[in-house]
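Q: Please take a close look at a single strand and its surroundings, and set out in connected form how that part is built.

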Amino acid sequence: MVRGISSFLKARIGIQQKAVMAISVLLLTLVAALVAISMNSNSHAVRTELMKRGRMSTENLAYNAVYATLVGDTAALAGFLDGVMAEQEVVYALILDPKGQVLVSRDRASRNDSGYSGLPKAPVPAGHVDLAAMRDSGSCADCHNKTEIQGRSILDFRAPIVLGEETRDKGAVELDIYAMQGRRAASHSGRVIGGAQIGITLQFMEAQISAMRWSLLSVALALIVLALTVTVIAVRRALKPIDALVVATGKVAGGDYDSKVCVDRDDEVGDLAASFNKMTADLASGRTALVEKRLLEALVTELKETQQQLVQAGKMAAVGQLAAGVAHEINNPLAGIMGYSQLVVEKMQHKRDSGITPEELPKFLSYVENMERQSQRCKQIVQNLLKFARASSQEELQEVNCNVVLRETISFLDHQLEVSQVTVVTRFESGLPAILGHDGKLQQIFTNIIINAMQAVGKAGTITVTTRSAEERVIIEIQDTGEGIPPEIQGKIFEPFFTTKEIGQGTGLGLSVTYGLVQDLHGDIAVHSEVGHGTTFTVSFPVCGSGQSDADRPDGTVASMTPSDAAESCG
Amino acid sequence: MPGYGHILIVDDEVVIRSLLSEMLSEDGFSVATAEDGKRGLDYVNNGQVDLVISDVHMPVMDGPELVARLHQIDPNLPVIILNSIPEGDPSKGMAGRAITCLGKPFDLQKLRDAIVQVGVVKSPAGPSGG
């Protein structure tokens with residue numbers, strides 16, 4: 001229960017309720033104030049009217065009663081009093097003699113009039129009335145008193161009966177009370193022959209005021225209800241677009257950018273709705289752009305992944321190609337070894353009994369020589385493979401003199417060159433600057449190019465190997481006197497496995513591996529070939545201490561250094 | 001050697017050509033050799049051949065192309081393929097043709113069995129003593 005109340009108190013109060021509440025409080029205050037002011041002024045008017053009537057009645061009675069009092073006609077006086085008592089609110093009326101004693105009196109109690117609650121039994125005020133004082137007094141306060149008789153408010157009015165000039169002119173009776181007051185003040189010199197006294201109950205006035213209050217209150221209530229109804233309707237109508245806006249903003253927050261607010265109003269709310277619609281449209285377009293951007297990013301990511309997968313696939317294909325190349329390389333000499341050994345076995349089994357004649361010996365010898373040659377070939381292939389594996393795994397760069405590496409490479413290939421009857425001419429620059437590289441990788445590069453050249457020149461060809469330095473680079477040229485490479489395939493010779501048809505010649509690893517190794521060492525490789533005039537491969541590497549790391553230069557003037565100086569600077 | 005099976009050996013490897021020539025001659029076949037598919041095809045176009053033994057990877061014209069060309073000339077000409085790469089089937093796409101595959105290195109006896117299987121007639125003398 002308590003929780004229910006507290007949750008009600010904490011419950012969210014909408015702007016509509018707030019507006020209605022504020023306007024209601026304002027209206028209630030306004031109506032209450034109006035009712036209060038109206039009640040007050042009406043009560044005052046009623047009271048003033050009552051006072052006026054009381055006074056006028058008393059003075060009229062005093063005026064009319066002059067002759068009857070003078071002649072002592074009590075019957076006439078009683079008639080006057082009965083006339084006065086015809087007024088509902090008059091509860092008693094008296095005529096006093098000059099001594100202030102009651103001459104004639106009438107009251108409601110003696111008349112047994114019903115409808116007068118709590119009327120006094122002895123309505124006539126006791127005590128002497130000072131008529132002279134009444135005559136001399138110019139103020140109204142002295143001619144009436146509010147008295148409490150048995151708890152009831154009764155206004156007591158008194159007026160002197162004066163024998164004056166005006167009494168002879170009865171037409172003066174018709175004059176209004178204010179004029180009479182003026183005359184009364186002027187007739188102070190006249191003789192007071194008695195007094196008139198009237199008691200007026202406030203009961204009817206209070207009832208009238210009460211009735212008036214109730215009618216006012218009901219009118220006020222009706223007004224409030226009407227005003228509140230109008231307010232609620234007006235506020236609702238005014239805030240209805242705001243509700244629509246709240247719903248629409250909720251939708252937009254939820255991701256629905258198609259929601260529009262339709263407000264056909266030429267005011268601030270209309271402006272707000274228009275702004276909201278524009279903002280939503282902007283948001284939608286912004287979001288669309290964002291979504292497109294994200295899509296694009298996702299696409300780029302996907303592309304990158306695909307590229308990586310392709311690269312990986314390429315690597316796997318390279319491994320497969322390498323394995324295939326190795327298998328081809330090894331399986332051919334192996335087939336030779338296996339076949340010739342089986343031939344030897346067959347023949348020897350066949351000759352077990354007869355024995356091998358000296359004439360047959362050369363044939364056997366050629367079989368076995370073939371086996372030996374093919375075994376050597378296998379050994380060479382395995383060695384090359386191991387060297388390649390070592391070259392591939394080597395990471396750390398060191399200062400290398402290309403002349404030294406080239407000499408090693410050529411001596412390593414001596415046997416093959418000799419078999420092919422290929423001559424190698426070397427033109428090495430003395431004091432060649434060192435480069436940053438790997439012995440193994442460089443050897444692999446030079447081996448591949450020289451074997452390529454060896455295959456190109458065929459029997460009795462020449463390969464020329466030249467080294468020189470120029471423009472901070474070490475340049476190695478390997479030139480052959482072969483047939484040359486047709487221009488249409490010159491651009492493809494570094495592509496991986498372009499030469500797969502000729503796999504089985506050389507290491508089978510291709511010029512693409514050479515290209516990759518040169519790139520690893522920050523070098524360049526180029527081919528120049530003319531059909532019929534041979535081919536030249538040109539490999540160049542930056543001189544150690546130049547290029548990438550200027551900080552390594554001793555004085556920043558490498559351009560003026562001699563190659564041998566540069567070599568020394570590399571240690 | 002008229003009347004006996006005439007076998008063409010196509011391989012860019014000298015050692016394979018010499019080994020097979022030696023062996024098949026001893027077995028009583030007449031043998032011819034070619035260094036690549038193109039020369040082998042020229043030979044077949046110019047004379048009667050009972051069987052072709054071919055390598056797969058060769059310069060100028062490789063084994064599969066040679067087989068396809070031979071099929072155009074004579075769909076019934078038997079071919080024995082010698083493959084030096086263990087993975088992959090060089091006879092792929094040559095279904096229905098008289099093709100036998102042997103991987104390098106191979107047993108001489110298996111090659112002999114394959115030759116018998118394709119029905120090439122050899123010299124009645126059999127393997128000669130030299």
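A: **A strand and its partners**

In this predicted model, strands β1(A) and β2(A) make up a hairpin in which five residues separate them. Within the turn, G100(A) has a positive phi of about 95°. The pairing between β1(A) and β2(A), the latter covering residues 102–107 of chain A, is antiparallel and extends over five bridges. One position in this pairing is given by A93(A), which stands opposite R106(A) of β2(A).

β1(A) also pairs with strand β5 of chain A, residues 191–201. Here six bridges join the two strands, and they again run antiparallel. Y92(A) has G199(A) of β5(A) as its bridge partner. As for burial, β1(A) spans residues 90–96 and is mostly covered, with seven of its seven residues buried.

For context beyond this strand, the largest nonpolar core has 35 residues. I7(B), L8(B), L20(B), L51(B), V52(B) and I53(B) are those with the most contacts inside this core. Helix α1 of chain B, residues 14–27, supplies the largest share of the core, six residues. Another core lies apart from it and has 34 residues, including I435(A), I451(A), M454(A) and L517(A).

Chain B itself comprises four helices and five strands, arranged along the sequence as β-α-β-α-β-α-β-β-α. Of the 130 residues in chain B, 38% count as buried. Among contacts in chain B with a separation of 6 or more, 61% link residues 24 or more positions apart.

Definitions and conventions: Residues numbered from 1 in each chain as written. Chains lettered and ligands numbered in written order. Predicted model: local features only at pLDDT ≥ 70, side-chain atom pairs only at ≥ 80, totals over all residues. Core = buried A, V, L, I, M, F, W, Y, C linked by C-beta atoms within 7 Å. Buried ≥ 20, exposed ≤ 12 C-beta atoms within 10 Å, placed from the backbone. Contact = placed C-beta atoms within 7 Å. Pairing = 2+ DSSP bridges.
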